[in-house]
Amino acid sequence: MSVSQITLPKQVTRRLCLSSFALAGFTALIVWAAVADLLRQGRLESVLSAGRAELAAPALVILVVATGICERIWPAERRPVLAHGHVQDACFLALHAIVVIPLMTLLSVGAATLIGDHARWIELRATQQWPGWLLVPLTIVAMDFANWLAHYADHRLDALWRFHALHHSQEELSVLTSFRAHPLMHTTGFVLATIPVVVLMPTRAIAPVLITIYVCIGTLQHANLRWTFGPLGRVIVSPAYHRLHHARENQAVNLGVVLAVWDVLARRAAFPARGDAVGRTGLDGRPVPVEQDASAGTPLALLAGQLIEPFGAQR
Ligand SMILES: [Zn+2]
Ligand SMILES: [Zn+2]
């Protein structure tokens with residue numbers, strides 16, 4: 001007998017998606033572990049501000065503005081500055097700055113705390129003798145693989161796809177689409193990406209500047225640009241490469257976050273060629289409410305609807 005049958009009447013379970021509530025509960029548990037630990041050490045504020053410095057670094061702000069200017073000059077798809085998609089994704093950028101950045105910081109700390117408390121045996125002490133030039137890149141590559149796995153799971157498991165679908169619902173990609181994500185979409189990625197850090201670097205920290213560079217490359221991939229990065233695009237995810245992942249017809253290819261190698265190994269890489277036609281993005285049948293729909297409400301009302309949507313009945 002499932003938990004839903006024990007605790008809730010059928011009419012309620014039919015209208016709500018219990019797996020989404022389970023993910024929210026799991027996320028709250030990790031965040032609580034982080035907050036309790038940091039409060040005990042009196043480090044909550046300093047850790048949150050260090051997270052802000054990494055994830056909202058001036059370099060990232062400059063990158064977003066510069067990419068926005070490039071999108072006006074060399075757009076893959078020409079559209080007005082205040083296109084519905086741009087305005088809505090700007091709301092997601094605000095949500096990212098206010099809610100998601102502290103959440104990401106606490107997810108990393110909470111996952112590391114829980115792993116440290118319950119699975120300390122995964123720490124590889126031998127790596128502490130390894131030189132930084134080897135250990136740090138290795139850890140970042142392993143984190144990128146963990147992010148690829150989380151993204152793969154987002155597409156394979158319905159419970160996770162319900163949160164990831166919002167990101168794919170954008171029909172007007174721009175650099176701001178990098179921030180169009182349900183806050184709970186990040187839980188799996190941050191938990192999985194913490195594992196290689198705890199395994200390989202249990203007593204050392206990755207320099208914040210490296211995290212910022214990683215985030216910058218990951219942000220550029222949604223740009224409304226035809227850039228393929230030339231030969232480098234075989235290794236690093238380019239805007240043209242990631243756009244193929246947002247194609248309406250096939251989202252099974254190009255799951256890479258920063259490195260394309262995982263897609264190549266999984267036979268899921270589709271490399272764009274210079275001059276390829278720009279394909280349509282979004283989701284057929286609009287299972288998630290979108291701003292391009294004539295009946296969409298104001299951006300903030302729609303934002304609320306988009307955030308609540310994964311908790312509703314099965315699509
Ligand atoms: Zn995806
Ligand atoms: Zn994307």
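This briefing describes two zinc sites, a helix pair, helix H8 and two threonine residues.

The model is predicted: local features require pLDDT of at least 70, side-chain atom pairs count only at pLDDT 80 or more, and totals for chains, interfaces and linings use all residues. Residues are numbered from 1 along each chain as its sequence is written, chains are lettered from A and ligands numbered from 1 in the order in which they are written, and side-chain values use heavy atoms, with hydrogens and water left out. The zinc ion (ligand 1) and the zinc ion (ligand 2) lie 5.7 Å apart.

**Zinc ion (ligand 1)**

- NE2 atoms of His 151, His 155, His 164, His 168 and His 245 are the protein donors of the zinc ion (ligand 1), at 2.1 to 2.2 Å; donors are N, O and S atoms within 2.8 Å of the metal (3.2 Å for Na, K and Ca), and sites may look incomplete because water is not among the atoms.
- Along the chain, these donors follow the spacing H-x3-H-x8-H-x3-H-x76-H.
- His 164 and His 168 are four residues apart in helix H8 (residues 158–168) and are therefore separated by about one helical turn; helices are DSSP runs (H or I, at least four residues), numbered from the N terminus.
- An α-helix has 3.6 residues a turn, so residues three or four places apart point the same way.
- Both His 164 and His 168 are buried, a term for residues under 20% relative accessible area (1.4 Å probe, protein chains only).

**Zinc ion (ligand 2)**

- The zinc ion (ligand 2) has His 167, His 222, His 242 and His 246 as its protein donors, each through NE2, at 2.0 to 2.1 Å.
- Angles among the four donor atoms run from 89 to 164°, and the site is irregular; four donors count as tetrahedral if all angles lie between 85 and 135 degrees, and as square planar if opposite donors are over 155 degrees apart and all others between 65 and 115, anything else being irregular.
- The sequence spacing of the donor residues is H-x54-H-x19-H-x3-H.
- His 242 and His 246 are both buried.

**Helix H8**

- Nine of the eleven residues of H8 are buried, including Trp 161, Phe 163 and His 167.
- These buried residues pack against H3, H6, helix H7 (132–156), helix H9 (186–200), helix H11 (239–245) and H13, where contact means heavy atoms within 4.5 Å.

**Helices H3 and H6**

- Helix H3 (residues 18–41) and helix H6 (residues 84–118) have axes that come within 7 Å and cross at roughly 80°; axes are lines fitted to C-alpha atoms, for helices over the stretch in contact, and angles run from 0 to 180 degrees between N-to-C directions.
- H3 and H6 are therefore roughly perpendicular to each other, the class for angles of 65 to 115 degrees.
- Among the residues in contact are Ile 30, Val 31 and Leu 38 in H3, and Leu 103, Leu 106 and Leu 114 in H6.

**Two buried threonines**

- Thr 281 is in the loop between helix H12 (261–265) and helix H13 (299–308), and Thr 281 is buried, with a relative accessible area of 3%.
- Apart from neighbours within four places in sequence, the contacts of Thr 281 include the zinc donor His 246, as well as Glu 171, Arg 243 and Arg 248.
- Thr 139 is in helix H7 and counts as buried at 0% relative accessibility.
- Thr 139 and Leu 200 are 61 residues apart in sequence, with their C-alpha atoms 6.5 Å apart.
- Beyond four places in sequence, Thr 139 is in contact with Pro 196, Val 197, Leu 200, Met 201 and Ile 206.

Conventions:
Tetrahedral: all angles 85-135°; square planar, octahedral: opposite > 155°, others 65-115°. Buried < 20%, exposed > 50% of the residue type's maximum accessible area, 1.4 Å probe, protein only. Parallel < 35°, antiparallel > 145°, perpendicular 65-115°, else oblique.
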